[in-house]
Amino acid sequence: MNSTAAIFVAGAVAVSLGLAGCGAATTGSSPTGTGAAGGTSTLSGTLTVFAAASLKATFTKLAADFEARNPGTKVTLSFAGSSDLVTQITQGAPADVFASADSKNMGKLADASLLDGTSSNFATNVLAIVVPPENPAKISSFGDLARPGVKVVVCASQVPCGAAAKAVAKAAGTTLNPVSEESSVTDVLGKVTSGEADAGLVYVTDVKTAGDKVRGIPFAESSQAINTYPIATVANSRNKELAAAFIKMVTGSEGKQVLADAGFGTP
């Protein structure tokens, strides 16, 4: 990762760590086996996890660790924008666990009685301006995104990163005119890394994951939209014991460390 992105990540994470969120009660019953080092796991079966696109790197690692600690288990991961995942679940897609990039989309499942118990908040995230390494449009502030001729890409408003972008723009008194609105934060990042856009709004964790492919630019207004990530067992889960064990890993010390290493803050 380049030095600018590194500085920005450190600052943004410090902001999100300093803001407290409200965590809900842990979802599901305590698992009978967690596969701890030196122990014997009694868990088995396949677990299907639907998770926000911004969680791809962290959840891929956690899923691999979970399988290694619990022989006989298989974790299938599906990543997309949180709103798209909610639509899939409400239409009957077979998911055991849902991890959202905001509370609003988790609330939609709760309102539809599609959760088993309550959700647990496990991480926070903030937005970052992302530009190609050479920064052709010379972006240096949030206000620069509104300059004529600047090709900006954001998430659609129904997606958590899009809702956050809208909130930040309102707080900054800036009107953005994006050339496209994407269904996930990874799609926004893709537009920037491919050279199709001069700048985009993604999460600080995406800047860190992209490394030298992009440059991250800090902006103070990002603190006006802190996204809190909740996780829960889906009501129609076929393996709620396995779901509870996975959620316990995500919300426990190992999950917290993996998420912190990726740049996420704590709720």
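**Entry 1. The cysteines**

I began with two cysteines: Cys 155 is buried, and Cys 161 is buried as well. I note here that the model is a predicted one. I then looked up the sulfur atoms of Cys 155 and Cys 161, which lie 1.8 Å apart, and the pair forms a disulfide. With the cut-off set at 2.5 Å between sulfur atoms, I obtained a count of one disulfide. For its handedness I took the torsion about the S-S bond of Cys 155 and Cys 161; the value is about -95 degrees, and the disulfide is therefore left-handed.

**Entry 2. Salt bridges**

I next turned to charged pairs. Side chains of opposite charge can pair when their charged atoms come close. I found five salt bridges in the structure and recorded three pairs in detail.

I looked up Lys 61 and found a salt bridge to Asp 65, with 3.5 Å between the closest N and O atoms. Both residues belong to helix α2 (residues 56–69), and because they are four residues apart, about one helical turn separates them. I checked the accessibility of Lys 61 too: at 43% relative accessibility, Lys 61 is partly exposed.

I then took Glu 254, which forms a salt bridge with Arg 69; the closest N and O atoms are 3.1 Å apart. Glu 254 sits in helix α9 (residues 253–261) and Arg 69 in helix α2, so this pair ties together parts 185 residues apart in sequence. Arg 69 has a relative accessible area of 37% and is partly exposed.

I closed this entry with Lys 191 and Glu 196, whose side chains meet in a salt bridge at 3.4 Å, N to O. Lys 191 is partly exposed at 24% relative accessibility. Glu 196 is also partly exposed, with a relative accessible area of 45%.

**Entry 3. Nonpolar cores**

Which residues touch the most other members of the largest nonpolar core? I found these to be Leu 55, Phe 59, Phe 122 and Ile 129, in a core of 67 residues. Helix α8 (residues 240–251) gives the most to this core, contributing seven residues.

I followed Phe 122 further, leaving aside its neighbours within four places in sequence. Its contacts include Leu 55 and Phe 59, along with Ala 99. I also listed Tyr 229, Pro 230 and Ile 231 among the contacts of Phe 122. The remaining entries for Phe 122 are Val 250, Thr 251, Leu 259 and Pro 267.

I recorded a second, separate core of 13 residues, with Leu 85, Ile 89, Ala 95 and Val 234 among them.

Terms used
Residues are numbered from 1 along each chain as its sequence is written. This is a predicted model: local features need pLDDT of at least 70, side-chain atom pairs count only at pLDDT 80 or more; totals for chains, interfaces and linings use all residues. Side-chain values use heavy atoms; hydrogens and water are left out. A salt bridge is a side-chain nitrogen of Lys or Arg within 4 Å of a carboxyl oxygen of Asp or Glu. Helices (H or I, at least four residues) and strands (E, at least two) are DSSP runs, numbered from the N terminus. Buried means under 20% relative accessible area, exposed over 50%, partly exposed in between (1.4 Å probe, protein chains only). A nonpolar core is a set of buried Ala, Val, Leu, Ile, Met, Phe, Trp, Tyr and Cys residues joined through side-chain atoms within 4.5 Å. Contact means heavy atoms within 4.5 Å.
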